[in-house]
Amino acid sequence: MSSHWYAVYANTESRCLVPRFPREPYRHEPPTARLILKDHLMLSEKVQLTKEKETMLITLYGRALQSRSKHPILRDTWAEEAVQRVDYDFAKLKVGWRAALLFACRATQLDLWTTSFLAEHPDATVLHLGCGLDSRVYRIAPPPTVRWFDLDYPEVIALRRHLYSERAGYSMIGSSLADLSWLDEVPGDRPAMIVAEGVTMYLTEEIMQALLQALTNHFPSGQLAFDVHTPQLVRWLTKSGATVRGTGATFGWGIDNPADIKRLEPRLELISELKAHNLAAYARLPWSMHLLVRAMETIPALRVMRCLLYRFQRS
Ligand SMILES: C[S@@+](CC[C@H](N)C(=O)[O-])C[C@H]1O[C@@H](n2cnc3c(N)ncnc32)[C@H](O)[C@@H]1O
């Protein structure tokens, strides 16, 4: 484990490992930051993805933007480099510093849960579903005893292979989550940490149910961590005819009460529900963001970045 940037951190979990944050208060991104990134573009990888596949560029850009700030919550040099290497008009996504901060908080929380699981299970399998161009495997740098699988659509994985290097114990799988035959490539003999960031809202309830049943059947035990939207937000986007930042992507699934997941898969037991203001790095946000987040959390359709952690046991 890369101990140089991880520290033992006592927060909502006991003895969890999270990125070591500098002590100074966060100073937000200057408005020219996006231009600085664009100045360094080396137009080498042509990106032609649409709908939910294109949404990975929103989170990628947000992490890059945030990583380049003076005191980043999450240092993601892989995102910074990937943004420089792809030929894509990131400005059209209109990702501002506020969204970038929230993406960093969410990613940090999911890194923390994953790292914590791996500390307990150093020979675990990690399944990172809808990985996009996320650098989680490099940020966490698990020991080679961990089997780590990053999964996304074949087009996304093809681009990912261009941008990111192989490492011991690490594999990429190109498949839709709707076609569960990809699970045949993943040995089911170890406890599993399953992570899906910014993904579940793009699935339908039918796909979600089939996925949860297959995963909890495949592994002897494990944990599942993901962020989720409310059904109100899913309905609002559907009714309005809008799409996610103009990508054409729409939402298909959300839950309000985390216990409702039992309707889809009764083996899932809730460990933790964290709203945006409970996320590990939330204290690093400027006060104006605290006000905004608290106000948004009072309106179900605006409740975003809610992260859920479940455990499961096969029988
Ligand atoms: C908002 S992006 C998040 C990407 C990445 N997790 C991150 O945080 O940067 C959503 C990702 O989910 C993937 N995705 C959505 N639906 C999928 C499906 N049915 N099968 C495989 N991947 C899917 C998309 O291709 C995209 O990479």
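Trainee: Which helix gives the most to the shell around the ligand?
Mentor: α3, with four residues. A helix here is a DSSP run of H or I, at least four residues long, numbered from the N terminus. This is a predicted model: local features need pLDDT of at least 70, side-chain atom pairs count only at pLDDT 80 or more, and totals for chains, interfaces and linings use all residues. Residues are numbered from 1 along each chain as its sequence is written.

Trainee: What makes a residue part of that shell?
Mentor: Its C-beta atom, placed from the backbone, lies within 6 Å of the ligand. 22 residues surround the ligand, and Met56, Thr59, Gly130, Gly132 and Gly198 are the closest. α2 (51–54) and α3 (56–67) each supply at least two shell residues.

Trainee: How do you know where the ligand lies relative to domain 1 and domain 2?
Mentor: Domain 1 (30–98) and domain 2 (103–313) both give residues to the shell, so the ligand lies between them. The bounds come from an automatic or database domain assignment.

Trainee: Why are α3 and α5 called roughly perpendicular?
Mentor: α3 and α5 (residues 97–120) pack at about 95 degrees, with their axes 8 Å apart. Axes are lines fitted to C-alpha atoms over the stretch in contact, and angles run from 0 to 180 degrees between N-to-C directions. Roughly perpendicular covers 65 to 115 degrees; under 35 is roughly parallel, over 145 roughly antiparallel, the rest oblique. The pair is therefore roughly perpendicular.

Trainee: What can you say about confidence in the model?
Mentor: pLDDT (the predictor's confidence in each residue, from 0 to 100) averages 86. 85% of the residues score at least 70. Over residues 1–43, pLDDT stays under 50.

Note on methods: Contact = placed C-beta atoms within 7 Å.
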